Amino acid sequence: MTRGLFLTLEGIDGAGKSSHIDALEALFRTRGRTVTRTREPGGTPLGETLRTLVLTQPMDALTESLLVFAARREHVLQVIEPALARGDVVLCDRFTDATFAYQGAGRGFDLDVLSSLEHWVQAGRAPEPDVLLQPALTLWFDLPPEIAAERLAGARLPDKFESQPVEFFRRVAQGYADRAAGAARFARIDANRPREQVWQQIEATLAARGFA
Ligand SMILES: Nc1ncnc2c1ncn2[C@@H]1O[C@H](COP(=O)(O)OP(=O)(O)OP(=O)(O)O)[C@@H](O)[C@H]1O
Ligand SMILES: Cc1cn([C@H]2C[C@H](O)[C@@H](COP(=O)(O)O)O2)c(=O)[nH]c1=O
């Protein structure tokens, strides 16, 4: 069985990820692929419980980091790895890049500690126990924080993160840019475009990288 494709969507709140995930799923299905669609924090019953805590309760940045990585561990073991082993396309709305961007750059938490947690949670798949599970492709929706805030205003009740000031999202956006600079798996999507043009960039990226 050929191993599946692990694809993540990242970006600050309101960048437009969710607006394109249905179409992404449909695109892969029309090509005959089985799609496992999931999200972080979440993706398992325990992960969804932890998500509610992380998105509603004030907490220290280390506590927040431990909770998102605890949710991720269950998610990797119960959902992501089995789906990849079956050959599925795994479409995941956020993964570890979000932790580096939000807890690391946004909250100013220690990136070395996050790297250690990343190693503990994502290493260990036989026969290469030191290789970290990473997405094959990360679609990074890049949008100025001021525009994202305008888009979110009135769209829904803000959660704990969405209630943060624009300065927080400037740091998160820089965190994503730093992460993207170090990894070829990132594809920057200019999200400051009409929806159709954002989708065209996604399609072009998938084609250029040989994923669809
Ligand atoms: N290209 C676009 N132009 C204008 N508005 C958009 C565009 N894409 C999405 N929107 C609108 O912006 C808002 C946020 O979009 P969406 O929920 O897809 O963002 P998101 O990245 O999934 O956010 P979050 O991570 O907070 O869930 C929605 O109201 C959506 O309708
Ligand atoms: C994975 C992950 C997420 N977050 C934050 C980012 C968002 O504000 C929320 C998730 O909400 P969404 O509507 O599903 O985008 O959680 C985080 O701070 N750290 C993480 O690792």
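This tour visits the pockets, the ligands and the cavity of a predicted model.

Residues are numbered from 1 along each chain as its sequence is written, and chains are lettered from A and ligands numbered from 1 in the order in which they are written. In this predicted model local features need pLDDT of at least 70, side-chain atom pairs count only at pLDDT 80 or more, and totals for chains, interfaces and linings use all residues, while side-chain values use heavy atoms, with hydrogens and water left out.

**First stop: the largest pocket**

Rolling a probe the size of a water molecule over the atoms shows where empty space is left. On a 1 Å grid over the protein atoms alone, a pocket is an open set of points with protein on both sides within 12 Å along at least five of seven lines, and a cavity is a set of points where a 1.4 Å probe fits but cannot get out; lining residues have an atom within 4 Å of a point. Grid points are joined across faces, edges and corners, and a volume is the space filled by probe spheres set on the points.

Select Asp13, Lys17, Ser18, Arg94 and Arg156. The largest pocket holds about 730 Å³ of space, and these five are the closest to its centre among the 35 residues that line it. By class, the lining consists of 14 nonpolar, seven polar and 14 charged residues; here Ala, Val, Leu, Ile, Met, Phe, Trp, Tyr, Cys and Pro count as nonpolar, Asp, Glu, Lys and Arg as charged, and the others, Gly among them, as polar.

Next, colour the helices. At least two lining residues come from each of helix H1 (18–30), H2, H3, H4, helix H6 (145–152) and helix H8 (195–208). The largest share, four residues, is that of H4. Helices (H or I, at least four residues) and strands (E, at least two) are DSSP runs, numbered from the N terminus.

**Second stop: ligand 1**

Select ligand 1, which occupies the largest pocket; a molecule sits in a pocket or cavity if more than half of its atoms lie within 2 Å of its grid points. Around ligand 1 there are 15 residues, the closest being Gly16, Lys17, Ser18, Ser19 and Arg156; a residue is near a molecule if one of its heavy atoms lies within 4 Å of it. This shell divides into three nonpolar, four polar and eight charged residues.

Which side chains make polar contacts with oxygen atoms of ligand 1? A polar contact is a pair of N or O atoms within 3.5 Å; within protein, one must be able to donate a hydrogen and the other to accept it, and residues adjacent in sequence count only if both atoms are side-chain atoms. An N or O atom in the side chain of Lys17 is 2.7 Å from an oxygen atom of ligand 1, and a polar side-chain atom of Arg156 lies 2.7 Å from an oxygen atom of the ligand. Arg151 has a side-chain N or O atom 3.3 Å from a nitrogen atom of ligand 1. On its own, ligand 1 has 640 Å² of accessible area, of which the protein covers 79%; such areas come from the Shrake-Rupley method with a 1.4 Å probe, and for residues only the protein chains shown count as cover.

**Third stop: ligand 2**

Select ligand 2, which also takes up space in the largest pocket. It is surrounded by 14 residues, and Asp13, Arg51, Arg94, Thr99 and Gln103 are the closest. The shell holds six nonpolar, two polar and six charged residues.

Oxygen atoms of ligand 2 lie 2.9 Å from a side-chain N or O atom of Asp13, 3.2 Å from a polar side-chain atom of Arg72 and 2.6 Å from a side-chain N or O atom of Thr99. Taken alone, ligand 2 exposes 480 Å², and the protein buries 93% of that. Helix H2 (45–56), helix H3 (61–86) and helix H4 (96–106) each give two or more residues to its shell; H4 provides the largest share, four residues.

**Fourth stop: the second largest pocket**

Move to Ala148, Ala149, Leu152, Glu162 and Phe169, which lie nearest the centre of a pocket lined by 13 residues. This second largest pocket has a volume of about 170 Å³. H6 gives the most to its lining, with four residues. The lining has nine nonpolar, one polar and three charged residues.

**Last stop: the cavity**

How many cavities of 30 Å³ or more does a search of the whole structure find? The search finds one. To see its lining, select Gly11, Ile12, Trp140, Phe141, Asp142, Leu143, Ala173 and Tyr176. Strand S4 (137–142) and H7 each supply at least two of these residues, and S4 has the largest share, three residues.
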